[in-house]
Amino acid sequence: MTYCVAMRLRAGLLFASDTRTNAGVDHIASFRKMYQFQIPHQREIVLLTAGNLATTQSVMSLLNQRLQGEGEHLLNVPSLYDAAVLLGRTLKEVVARDTPGGAQGQGVDFGANFLLGGQIQGEGPRLFHVYPQGNFIEATEDTPYFQIGESKYGKPIIDRVIRYETTALEEAAKCTLVSFDSTIQSNLSVGLPIDMVMLRANRFEQAMQPPHRIERDDPYFLSLRSGWSAGLRKVFDELPNEPWFST
């Protein structure tokens, strides 16, 4: 299992992913789940992956191989919508190749989810959730974020805090890390390190920064974790008890 979050705000885009994969309690490993594609001053694209690791790695390998060909690829498609179409088509190709004779029916799940976002010169920042079937939806101002993987534990804080118009990227990063901490506390299949990237709208940096990696001993994350826990306990203690129980 994994946990990935991507947000499209007026200020720009934020992407975050954990690095844990597991196939049981005695087989835990770390794999990168964030990938970046860029032409300086022209396009910035980030992909997050969740699901069957063999499927996601095959999809990413094909996408990278095809960058060198003459056909359509992530560095020449005219829009982020076309990038989502290309990703969905590649995902369907890999799943069809790896499931001969209906392996899905034998209990093997080759499915995967992707979050694809970024900006191409000539259009604004965009964000898509690509489903295992290859179809996809786009983030809107009403629903400015997507989660894939183990999403339920980290969703409440995002729902309460994130607003398309008013949330700054720095606030979004803080909210996202609290969301990850809540998930890590409740589910052993999600774990540090966390990779995070922020893309400010319409900046088109000369070189996209590599993901900022948050390790177990990261002082900011540790202070955020302890502050959030203490704050929750303080607010809980200040809430009134149910009146009927004391009568």
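In this predicted model, strand β1 (residues 3-9) and strand β10 (residues 145-149) run antiparallel and are joined by five bridges. Within this pairing, Y3 finds its bridge partner in G149 of β10. Strand β1 also pairs with strand β2 (residues 12-18), again in the antiparallel sense, here over six bridges. One position to look for in this second pairing is A6, which stands opposite F15 of β2. The link from β1 to β2 is a hairpin of two residues.

A reader following β1 along its length will find that seven of its seven residues are buried. Both faces of the strand are covered. On one side lie Y3, V5, M7 and L9, and on the other C4, A6 and R8, all of them buried.

Helix α1 offers a helpful check on geometry. It comprises 13 residues, from 53 to 65, and at 1.5 Å a residue it should span 18 Å; the C-alpha atoms at its ends are 18 Å apart, so the expected and modelled spans agree. At the start of this helix, a side-chain oxygen of N52 comes to within 3.0 Å of the backbone nitrogen of A54. Further along α1, the buried residues are T55, T56, S58, V59, M60, L62 and L63. Among the elements that cover these buried residues are β5 (34-39), β6 (43-51), α2 (80-98) and β7 (112-120).

Attention now turns to a loop residue. V190 sits in the loop between α4 (169-186) and β11 (194-200). Its relative accessible area is 1%, and because buried means under 20%, V190 counts as buried. Leaving aside residues up to four places away in sequence, V190 touches T2, Y3, D18, R20, E150, T183 and I184. One of these contacts, Y3, belongs to the side of β1 that also holds V5, M7 and L9. V190 and S17 are 173 residues apart along the chain, yet their C-alpha atoms are separated by 9.6 Å.

The last feature described here is the second largest pocket, with a volume of about 370 Å³. Its lining is made up of 21 residues, of which M196, V197, M198, L199 and Q209 are the closest to the centre. Several elements contribute to this lining: α4, β11, β12 (212-214) and α5 (219-238) each supply at least two residues. The largest share, five residues, comes from β11, the strand that follows the loop holding V190.

Note on methods
Residues numbered from 1 in each chain as written. Predicted model: local features only at pLDDT ≥ 70, side-chain atom pairs only at ≥ 80, totals over all residues. Heavy atoms only, no water. Buried < 20%, exposed > 50% of the residue type's maximum accessible area, 1.4 Å probe, protein only. Helix = DSSP H or I, 4+ residues; strand = E, 2+ residues; numbered from the N terminus. Pairing = 2+ DSSP bridges. Expected span 1.5 Å × (residues − 1). Contact = heavy atoms within 4.5 Å. Polar contact = N/O pair within 3.5 Å; in protein donor to acceptor, adjacent residues only side chain to side chain. 1 Å grid on protein atoms, 1.4 Å probe; cavity = no way out; pocket = protein on both sides within 12 Å on 5 of 7 lines; lining within 4 Å. Points joined across faces, edges and corners; volume = space filled by probe spheres on them.
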